[in-house]
Structure formats: C-alpha cells, structure tokens
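Biologist: Could you take me through one part of this structure up close, and then show me how the rest looks around it? I work at the bench, so please spell out your terms as you go.

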Amino acid sequence: MSSPPSGPGKTAPKILKDFLLFDPLKTAPKRNLLFDHPPPVGEGQQLAPQIGSCKHEYTTKTSQSVPPPLDLRPDVTTQYKIATLCKKCRVHADVRIDYARSNNPCPNSEYPLHHFQRLEQKPDDTTRDRIRYAWRCSAQQCQASLEISFRLGRLTTAERDLLTNTEQLKRRYEAVVQENPDREGIRQATPMEALVRLRKYVKDSLNSLHGKRSFPANNKRFMEAFGVYGQDCKPLLERLGFKYAEHEWTLPSPPPLDDRFDADGSSQRELLEDVEVELLSWMFKTSSETGAVNPAATDGWPSADRDVERTLAAQGYQRQATLRRAAPSNDELPYYASLGALPDFADSLIEFAYDRQTMCDPSNLPYYFEGLQIITESRGTEQLQMRTATLASQDVVSRRDLSAAYRFLNIPQADAKNLSDERIIELFQAQQPDLGVVAAEEARQALNKIGTARQSQLLINASRQSVDTYEDALSWLGNGASKDMSDDSLLAIVAIKTADNKENETIAQKAIATIASARKSNMLNNWLLTGRTEGYTMNVDEALRHLGIEQSLDEIDQTVLPVILDSARTDRPGDTTEKAIAAIQQHLAGRTSTMSRSPSTWPVGLTSHGNTCYLNSLLQYYFSIKPIRDIILNFDKYKLDTAVYAEKEERVGNLKVSMVEIKGGQRFAEDLAHLFQRMIKEPGTAVRPEEDLVCRAFLNPQDYALLASSAEPTVNGDLEDAVDHKLTDAPNGEDAGAASASADARHLSNASSTTLQASVNGDDPDVNMKDGGLPPTPPASPGQKPVDGQQQPTKPPPLPPRHPSATSAHAKEKALAAAKTKATQQQDVAEVHDDIMFRLRSGMLPTGEEESGEQKDALRDLYAIRVTETEVAKGVTSKPTPAVESCMLLKVPTEPTDIYSSLDALFDLQPKETKPDTEAYKSIRSLPPLLQISIPRIGWDHNKNEGFKSEEFVRLEDELYMDRYCDTSHPQVPERRRRCWGWRKELQALKNERKALSQTSVNQLDGPTAMSDTASYLNSLQQANSTLREVGMDEIEIDEDLTSTLTSTAQEQQARLSELQAEIEDLQKRLDFQFEDLKNLKYRLAAVFIHRGTHGHGHYWVYIHDFANNIWRNYNDEHVSEVTKLEDIFEAKTWNQGTPTYAVYVQDGKKEEIVQPVCREPERAPTPPPTQWTQAEDVQMQDSGLLRPQREENFVDPKMVEEGGQSSWDVTRQVADQVKW
C-alpha cells in the first residue's frame, strides 16, 4: 500500500467511530462508511451503516496483538497491532499502525491528533475471505501508516451446525451406544458441551507446555461430541491439524510466531487461536439462546475499544464542554463527518480538522468553510466565531456564501461556469444605477466572493474598486482614460468623478498615485502632494506624452527632432508645451554629458521593465559588491554538484531545500551571471535585464522550465531536469554587440510574448539603432560561401524549437502571467533581496552546517550577524540564546530619528511579547564584512485599521561604530549599556510628556499657544459685551476666572516645555557621550536603497559609495549619475529625496576590497560597412512630410531587408540620416 495518499481525510477518533460502526458483510458499492468520503451536503446521500449491520462487540485477541505500552512515545521502529473478533458476527478485524516514516509522530504540539488520508486499494487487497484498507497520516513529519483488515470467521455456519445441532448429537449418542453397548456412563452431549470440549482440545494444542499430546479415539466424552472415534467431525478436526492413526487422535503442535505484527493469519497457530476465540463467542451465543450455563462465563468478553483507541492515539483528546449546550442536530452531523471530526470535539480540534481538510483537499475549501460556519453558528463559541471572521477577512468564501452571491447578482449558479469574468462584470455594473448605498456595497461584496472563488483578479479588483495596477487605475477612471492620455486630461476626469461624489476622492488619489508611479510623472506627483499642477519639473516621458509623441526619445532621429518640437509649439502653444520641450532638451544635454564619460570608468545603468526599479537597484548592489559579483560569475566553483549529491541535508533560511529549488537556484545564478557579463562588456550606457531573469526572480523554481518555448509538461523526476534547462552559449569570438543581440534574441525567443516583453510602460525590447548606424552584420546563412575573413561554421544549425502543446502553453502562460504581474507591481526591496539570496544559496555547495542545521556558504559568510538574546524575568537573567541573522530589522519609525537610536531600540532591554513579565535584550557575538540594516516603512494604523507608509526622517551616519552593541568588545560595555537603558526610558518619558503638552489636533499649533489664543479670544468677547450692551442685546456669558486660568496654564505649559527641552538635551548629550571612546568596530556606509511614493506605490533607486574614487553614485534605472548633494543620502527629508529603506555598511578595513562598483571591459561594437550616398543637393519631399535623400540606384538599406532576402520600400519609415536643417 505504497501509493501516495490523496483527498480529504479523517481524524483518528473519527476513524475509530467508523471502524466500530462499519460492517464489511453489509456494504453497498461506493458507500463504504469506513473508507469512502461523505459527499458534500446536498450532493448525494450521506454515508451511514446499512440496515441490518452488526453492532459490533469486539474483543482483543491478546496472543495476536502488539498493543502500545503506556506512556511510551513511538519512533521510527514502532509498530502496533490490535487483533480483534466480534462477538456477534465473528468477523476478525486487525488494526495495524507503523511509524517507519515518522520523524515526529502525532500527537504533538502542532498536530494534536492523527489525520489519516486514504491510500488507493491494490487488487490483492480484496480476496474471497479478506478485505484490507489503508491510510497515511497527513502530517509531513509523522506519515504513520494505518491498515485495517477484515477476515471472515474460521468456523462456517455448517461447521457450527455440525457441532451444536441436537439431532446430530442424538445420532452420535445412539451410534456410540450401538458401538459400545456394555459401556457405562455414555450420554447425549449438549451443544454447549460439544463447543466446550473442542475449545479444550484447541487450548491444549496451543499450550506448548501441555505434556499429553494424544488421546484414544474411543474416549467416550470425545465420541459423544464428535461421533464414533470422531469420524463424524473428522474433516473439521483434520482441517484444524488434528491427526488420526491407530485408533488415536494427536493434538496439533503449531510452531510459535516470531513476528506478530506482520502475521497475516495464514499460520496454523493463528488458525487455532482464531477458532478458540470463535468457539468462546459461540458459547456465549448458545448460552443466550438456550439458557445453558456457560462454563467460560468468567473469562468474560473484554471490549477492544480502548485498545484500538490507544493504538490510533485517539484517547484523551479535548472534548467540548456539553453543559447547557444542545446536542448537534441531524442537519449538522454531516458537516462534522465532512471535516473528518466528531461532534464532541473541542473548538481547537474543529479548527485542526478544518485546517487539515483544506490542506489535503483545497478544491473543496468553500464546502469545508461552509461546514465550519454551520458548526460555529450552532456552538456560538468565541473561538470559532473569531476563526470564521478571520477566514472571511482573508477572502475565504464558503459554498453557501457563493450561492448567495450569485443569487444577489441574479446569476443562475448552474450557468455561472459558462460565463466569462467580463460578462459577470457587465451584469454587476448593470445593477449599480438601481441600487442604494447599502445594496451597492452588498453587490460589491457578492462580486468579491465570486472573484475569490473563481480566482479572478479582474473580478476582485472590480469589486474592491482596486487601483493597484496601471490598468486598474485607468479602468476606474473610465471616460476614455488610456495610457496615451495626457496628465492634465486625467486630472480633468478626476475632477468630474469627485465633483458629484466626494467618497471617490480617496480612490481617485490612489488611482493617480498608481498612474504617477507607472508614468514616473512629476506633474501627477506634484498634484498628489500639493493639489496643484504648477511648480514641478517635467520628466522626458511626460514631455513626450504631452507632445503626442508615441516613440521613445531614442527612436527619434535627432535631425528631425527640431522640426517635431517646432510643430508642437505651433499645434500646442502654451507653458506646458514649453516646459515639455525644455525637459527634452535638458535630458539630451544630460545624456550627452553621461556619454562623454569613458565607458571603462563608469557603471552601466539598467533599463526597467516597467515597475522593476526595485529589482534594478538590487542588481546594481549585487554587481557592486565584488565578493557577490565573483560568486555569481564563478558560480560553478560554488554550486552543488547534483550529479554527486542526490539531496541537501543542510537547510537554507531554516527550510528544507528540494532538488527542484537547488537546480532552480543554479539556473537563476546562470541568468544573473549572463547579465553581469553584459554589464561588464556593454559599450553603451545601459543594459536591459533579460525577461527570463526578471521572471525567474518571481517564478517558483518548478516553473522555470516554462520559460523555454519548447518545454513540454514534466512529471516526477523530469521536473528537476527541466528546471536546469540552459541557454546556448555565444559562439567563441563573438563580439559584445553580437553577443548581446544573440542573447536578447535567445531570451526573447524563450520567454515568448507572454513574458514581460510587453511591459507596463510599453517599452520596446528591441535593440535601438544609435545615430543612424547600421545593425551588426548577421552571420552567413548555411550553404552560402563565407565572406572574406569570416569563419565557416563547423556545426550544422540547431533544429528549430518544437511548438509547445496546448497544456504546456496554458501552464506557461499562466505561470509567466503571474510572474509578470508580481514583477511589475511594487515590491519590497528587503523581501525580494531575501528571496534572491535564498535562491542563490539553495544552489550552492555548503561549506559547513550551523547547530540549527542552517547551511554555511560563501554568501552567508558575507552578511551573517551572530547575536545572542538574554531574557530577564523577575530579576533573574537567563543564559544567552545564540542566533544568526541576515540583517538587522529595525522598527517602523514613528518619529524623526537616527540610525543609532533605531539600533538602540533593537538591542535595548525591552518587554518580550511572547512571554509576560519577561524582558530581553540582544548583543552581537560577531560581525560580518557587510552589515545589512533593514529600515521598514510599512506599518499598521490601529486607529484607522489600515496600513501606512512611514515618511519619518532617519538620519544615516557615514561612519558607524558597533562597539556599543558587542558586550565582548570592551569590559565596560555591558555596564554602560545598562546605564543607557535607564536613560533612554527616562528620555522617552520626557518626549511623551513634551508631545502631550505641545501636540494638538491643529497643525502647527502647540498646546501653550492654543491656550493663549483661547484666552485672547475670550478677552475679545468680553470687549464685545460692552458693544452688545450699547445696542440693547444680551451679553455673552463668560466665566470670569476662565481667561486668567487659561493664561496662567499656557504660561505654565510653556515653562514646562522649556524645562523638558533642557532635560531632553542633557540626557541626549549623556547618551551620545557614553561610547565616544569606543570606536574599534568601524563600518562605513556603502549603499542606501531609497523609496519615494506611498504605501504600495512609488519608485526605488540606490546610492552606492565608490570608495576607490571617493564618490557616491545614484543608480536610477538606466541613469547612473554622480551625487553632488550628500544630504540626499544622509539626511533625506523631503518627498523628492525619498526615504531610506535599506542600508548596507561595510567594514572600514575592507571597504575598497569589497565595494568595487566599476568593473567594465567594454567591447567595441562592430564597424558597419561604409555607406555611399549620392550628393544630397535635390531633396524631395515625400507624402509623409519627411525628407528623404537620394541614394545610389542599387543601394538597399539594411533596415528595409525583409526575411528571405527580398527588399521592400517603406516610404513612411525612411528618414534622412544626414539631412542638414
């Protein structure tokens, strides 16, 4: 029974209950109470015992059982078996459980019960007299194997009649008397006596110590029960192993069994043991039917229920307190059965059963959630109510809720499967004009449930009025909003949508934020900040969009650009047009300045695939750190040899790594190395990362094979090989330009059009033509004579890739669409960084293993921070607990701060959330070469119950000294740290008091000023009373003491604020001075990741310090520029400066060795053949309005050569490269 388990399962107590109710002699096909799964309520008849089923009374056959000892936890060598017999139907049932697969058997802290999934039956599981069922525990670390088998009774009904039929016993008596007429004491045996005598002979046979192994065949008591010399029952006796010879019967002598667990009932000893217990059951039955005295009544019939319960580890589970609670109704019981649970389960076990069923059978999650809802409504307990509410908040939809959602939208559920998402949205939108506010919200909730059930992001976004993506934002704006529409037109639409409905203002701002992020629009960002569109600097993309130019600036011939700009001034006069033209001219001037730098001395930029600025920043960081760059470029030296090692025992990120993840990490490293080679050899200013690399950063490793166009669906072990699918290397001697073009073509071919090729911002992935130059000369076609100087290919061309099957194409499209969606949405740099490090380390050969099982490797050695945590409970300090961290994760800043204060908050003594009345502090044991510090910006506003991005200022230090956090760095460090803990608590209390006194609900108005202004206002009212009296009006009643009280309170608060400020400054000085003399562990700031934007939207870039040249550079996608204002790095306060989210420090003594941003060996682009032009003296204007010079008669522009070698003449695409204006 080794086939893998599948489908839902049952908890051990549920298995026990079904075992006791199941009658194998009365089971309808496909309605097996023990083995089959109950159908969902309303979709078929529920499973129940068949009419006439036996109400079993099992007893344990002790001699055949291997019961679990009391209080002994099983291990991999443990096997238990309980052999039973039913007193009524004489069915033998064996329950076996084997823990050979278990590392941590159930029950344990995580799995309070076994949860068994059934295994498919084999043909030999069912025979004429036996049937066998098998399950396996679904807990990954348990996987206990359970087997329950049933066998028919050993004694047939005919054999029982042979022994107990009174007519036959009478005939035997008469035959014995006739055979021995003079023998005294012969009498007719009763049915009970016949059973008792056979049982006595069988028990003597099983007793190896019984000395007398034979008896005469003319024994009168023997003949009374079994006939003259036993001849009437000879077939039965011989079947049991008795032997007759020379008027004597010999008892069977069955050999003992060494292995009771694997015994299958085929041995003679088991036969006799079974018959002995069956005879006992017949004796009980005969006694009840005839009233005869049962001599074995004192043996009893002890129930096997407890033994089976202990074998299944189902004893003592938590039960529901039934006091004052009604029993579950018949309508609820099927839901318990569907969860594999019992009605007496405690709430925690109901949750456990739900979790296991949804994990093992996710396709029926809506039904299981419905069951959980029904049980929760019946019990009304807080624990289950909280769980169902939590699941509902996580967008889990039950079957009944889904039905109600379809009904609300007037969609027949039977027809729903045939409706597209677009059609459902149309039906939803058609209802909106007729719905009130409450009904409209209910309609959105219904649509959301339908979208969740169908796993349709389109429906979910429509229900939530989501504007998280560029497309969603434009869709929400409606009114013809498109990617080509100008920014001011989009803002006009926003004004229309918010004019009639102020509730749309928040969504409108989010929509514009999303569009601004995708377009990188300064105009829209300025509108978000100020509500105005003036006073901002337009970027080049905005400028081109405003001027109605669809091409990128690189695609426009620079000689034609002045005409285009002049035309724009004529067609679109105004300040915005002038601002757009100025932005383009400024961009061109900056690019000329950048191009003037020598490629060998300046890093290349990385072109974005839409919203992949965060990934570009990380890639630049990896390239700039020489040890990381060297590991990637020489990954073969570090990778695990999968031909030698079949698995990896070491863990990565505390996770067990599969072979698929190992090969996936190696494949990702290969793509990364290819990018790094291009960054080194690229002669231009920017490189576009391949689509494969971007996709692999977000694809699961098992989906890597889908990037290959020819990849077929893979199963089992083939998946590992598919993950390792490699790109073809460039031919030897291929120059940089050709190699890059070859690589681009290869990746574009493999990635297909479903990858990021069509990026969010519509960038064209084709290689741009520079300055009207000709493309590199393509290699000669097979069969052609080689051009002079060109090497003849030595190998035949590769075969074209096969077209993928429909299944493969669908899987590929789905996986790549998911990767594209993830890649082009805003991601957190720290999370993506951790994921990339996991992928790379998964593919590496471990250099050792931590005590925790974590893998040691060259990458981990660069940034592993070894710390200890010490707990202090009621004045008692515990032994420090060691740990290893990849970065220092700070707290979300809630007020302006600096890097030291943020680190203090991490290492100081503070309450331990998981343990009440316990505090803990951290210390550093050893520091790595690279010190990574994560500065999270996303927090949770408990008042608004929503996430937010913290924009609080965090000042970074160029030099960071870590002595204060290492207790072993100096003998006085521990004492000084403890002193500072008290000072910082006092400092925080003072700051809280200052905040309470100074902060008001009115911006830029402190407490004392508010008090003083209020007193002044009341004074003015008193002056107004004299005027009111003059005109005969009632005076305004004012408490005479209120004004003076407010004035004095304002003065007191102002004085207290001054005191607080002095005390705060004094404490801060003491704190700053404490570690001034401890500066041995020096680090220098090497890189800072910056984010500008809002929660879920924005733009990333990275600053990296080039220590060798003593300059900072700004890596902003394809632009790499020198930083002239260092306050942008160390003291970023304004929106334009962004907020630091991740900082990397490097050991001062190794800074130039580790941080080497410049690594360039640019290759020269191929020189195009000379182009001969005719004298451009008569230039004719074409219909397209562009100028075209005259060329030689036989000249063919390489751009115009179509596939197959035929030339075409496209007038509208040809532009004079050397026209002088």
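Which are the buried residues of α36?

Modeller: Happy to help. Please keep in mind that this is a predicted model, in which local features need pLDDT of at least 70 and side-chain atom pairs count only at pLDDT 80 or more, while totals for chains, interfaces and linings use all residues. Residues are numbered from 1 along each chain as its sequence is written, and side-chain values use heavy atoms, with hydrogens and water left out.

The buried residues of α36 are G1007, P1008, A1015, L1018, L1021, N1025 and L1028. Here buried means under 20% relative accessible area, exposed over 50%, and partly exposed in between, with a 1.4 Å probe and protein chains only. The cover over these buried residues includes α35 (973-998) and α37 (1040-1073); that cover is judged by contact, meaning heavy atoms within 4.5 Å. Helices (H or I, at least four residues) and strands (E, at least two) are DSSP runs, numbered from the N terminus.

Helix α36 runs over residues 1007-1030, and its 24 residues should span 34 Å at 1.5 Å a residue. The expected span is 1.5 Å times one less than the number of residues. The end C-alpha atoms of α36 are 36 Å apart, which agrees. After α36 comes G1032, with a positive phi near 80 degrees.

Backbone angles are worth following further. Most residues other than glycine have a negative phi, and most peptide bonds are trans. N654 is not a glycine, yet its phi is positive, about 65 degrees. N654 sits in the loop between β12 (651-652) and β13 (655-656), and it counts as exposed because its relative accessibility is 53%. N1110, also not a glycine, has a positive phi of about 55 degrees. N1110 is in the loop between β30 (1097-1106) and β31 (1111-1116), and its relative accessibility of 60% makes it exposed. As for peptide bonds, the one from C106 to P107 is cis, with omega near -5 degrees. P107 belongs to the loop between β4 (92-98) and β5 (115-118).

Now for the chain around these details. The chain has 39 helices and 35 strands, and 45% of its 1221 residues are buried. Of the contacts with a separation of 6 or more, 68% are between residues 24 or more positions apart.

There are internal spaces too. The whole structure holds 4 cavities of 30 Å³ or more. On a 1 Å grid over the protein atoms alone, a cavity is a set of points where a 1.4 Å probe fits but cannot get out, and lining residues have an atom within 4 Å of a point. Grid points are joined across faces, edges and corners, and a volume is the space filled by probe spheres set on the points. The largest cavity has about 80 Å³ of space. Its lining has 10 residues, and S486, D487, M523, E542 and H546 lie nearest its centre. Both α19 (487-500) and α22 (540-546) supply at least two lining residues, with α22 giving the most, 3 residues. The second largest cavity has a volume of about 50 Å³, and the residues lining it include F22, D23, K26 and R31.

Key. 1 Å grid on protein atoms, 1.4 Å probe; cavity = no way out; pocket = protein on both sides within 12 Å on 5 of 7 lines; lining within 4 Å.
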